[in-house]
Amino acid sequence: MAVLALFPGSFDPFTCGHEAILRRVLPLFDKVVVAVGVNSEKTYMFTVEERMNRIREMMKGCPAVEVTSYSGMTIDLCHQLGAKVIIRGIRTSKDLEYEQTIAAVNRMQDSSIETLLLLADPEHVNISATLEREKLSHSVTQ
């Protein structure tokens with residue numbers, strides 16, 4: 001039976017830190033679905049299509065990676081796809097606290113779905129989508 005993992009996030013934008021986490025988990029699973037979240041209450045710099053296309057371009061040549069979009073609960077998408085693992089990256093202790101809370105909620109909803117928390121590589125600890133958006137907004141205005 002193929003083991004499917006889900007790597008969810010807003011990915012606005014998908015950074016080299018996200019890519020590094022994804023590449024690290026690829027050998028562990030038969031398929032990893034990168035799920036680009038859409039939240040109507042959030043304002044994004046990039047459209048969902050632009051975010052998905054960026055991921056597809058960065059992961060070109062990796063047939064085990066699939067990219068989709070979703071709204072709603074991540075655990076519901078796991079059920080829909082048959083994913084048994086949720087992948088999340090951790091850069092800071094603040095990230096860890098947040099992700100532990102989300103993982104606990106997901107576990108209460110379905111204890112058969114595991115959350116795998118991966119520590120960011122040291123060279124990616126200071127990279128965030130927020131910082132990337134800030135840099136991009138300044139390069140556009142200059």
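Helices and strands are here runs assigned by DSSP, a helix having at least four residues and a strand at least two, and they are numbered from the N terminus. The exercises below concern a predicted model.

**Exercise 1. Work out how many helices and strands the chain has, and which pattern they follow along the sequence.**

Step 1. Counting the runs gives 5 helices and 5 strands in the chain.

Step 2. Reading these elements along the sequence, one obtains the pattern β-α-β-α-β-α-β-α-β-α.

Step 3. To judge how compact the chain is, set its radius of gyration, 15 Å, beside the 14 Å that the globule rule gives for 142 residues; the two values are close, so the chain is as compact as a globular protein of that length.

Step 4. Taken along the principal axes, the box filled by the C-alpha atoms is roughly 50 × 35 × 35 Å.

**Exercise 2. Describe what share of the residues is buried, and what share of the contacts with a separation of 6 or more joins residues 24 or more positions apart.**

Step 1. A residue counts as buried when its relative accessible area is under 20%, and buried residues make up 39% of the 142 residues in the chain.

Step 2. Among contacts with a separation of 6 or more, 80% come from residues that stand 24 or more positions apart.

Step 3. Turning to the surface, the chain exposes about 8,400 Å², and carbon and sulfur atoms supply 54% of that area.

Step 4. For the charges, there are 15 positive and 18 negative side chains, and the centres of these two sets lie 2 Å apart.

**Exercise 3. Find the aromatic pairs of the structure, and decide whether phenylalanine 7, phenylalanine 11 and phenylalanine 14 are buried or exposed.**

Step 1. A search of the whole structure yields 2 aromatic pairs.

Step 2. One of them joins phenylalanine 7 to phenylalanine 11, with 5.2 Å from centre to centre and 65° between the planes; since planes over 60 degrees apart count as edge-to-face, this pair is edge-to-face.

Step 3. Phenylalanine 11 also forms an edge-to-face pair with phenylalanine 14, again with 5.2 Å between the centres and 65° between the planes.

Step 4. With the cut-off of under 20%, phenylalanine 7 is buried because its relative accessible area is 3%, phenylalanine 11 is buried at 3%, and phenylalanine 14 is buried at 0%.

Step 5. Phe7, Phe11 and Phe14 together form one aromatic cluster.

Definitions and conventions
Residues numbered from 1 in each chain as written. Predicted model: local features only at pLDDT ≥ 70, side-chain atom pairs only at ≥ 80, totals over all residues. Heavy atoms only, no water. Rg over C-alpha atoms; globule rule 2.2 N^0.38 Å. Buried < 20%, exposed > 50% of the residue type's maximum accessible area, 1.4 Å probe, protein only. Contact = heavy atoms within 4.5 Å. Areas by Shrake-Rupley, 256 points an atom, 1.4 Å probe, with all protein chains shown as cover. Lys, Arg positive; Asp, Glu negative; His and termini not counted. Charge placed at Lys NZ, Arg CZ, Asp CG, Glu CD. Phe/Tyr/Trp six-rings, centres within 6.5 Å; stacked < 30°, edge-to-face > 60°.
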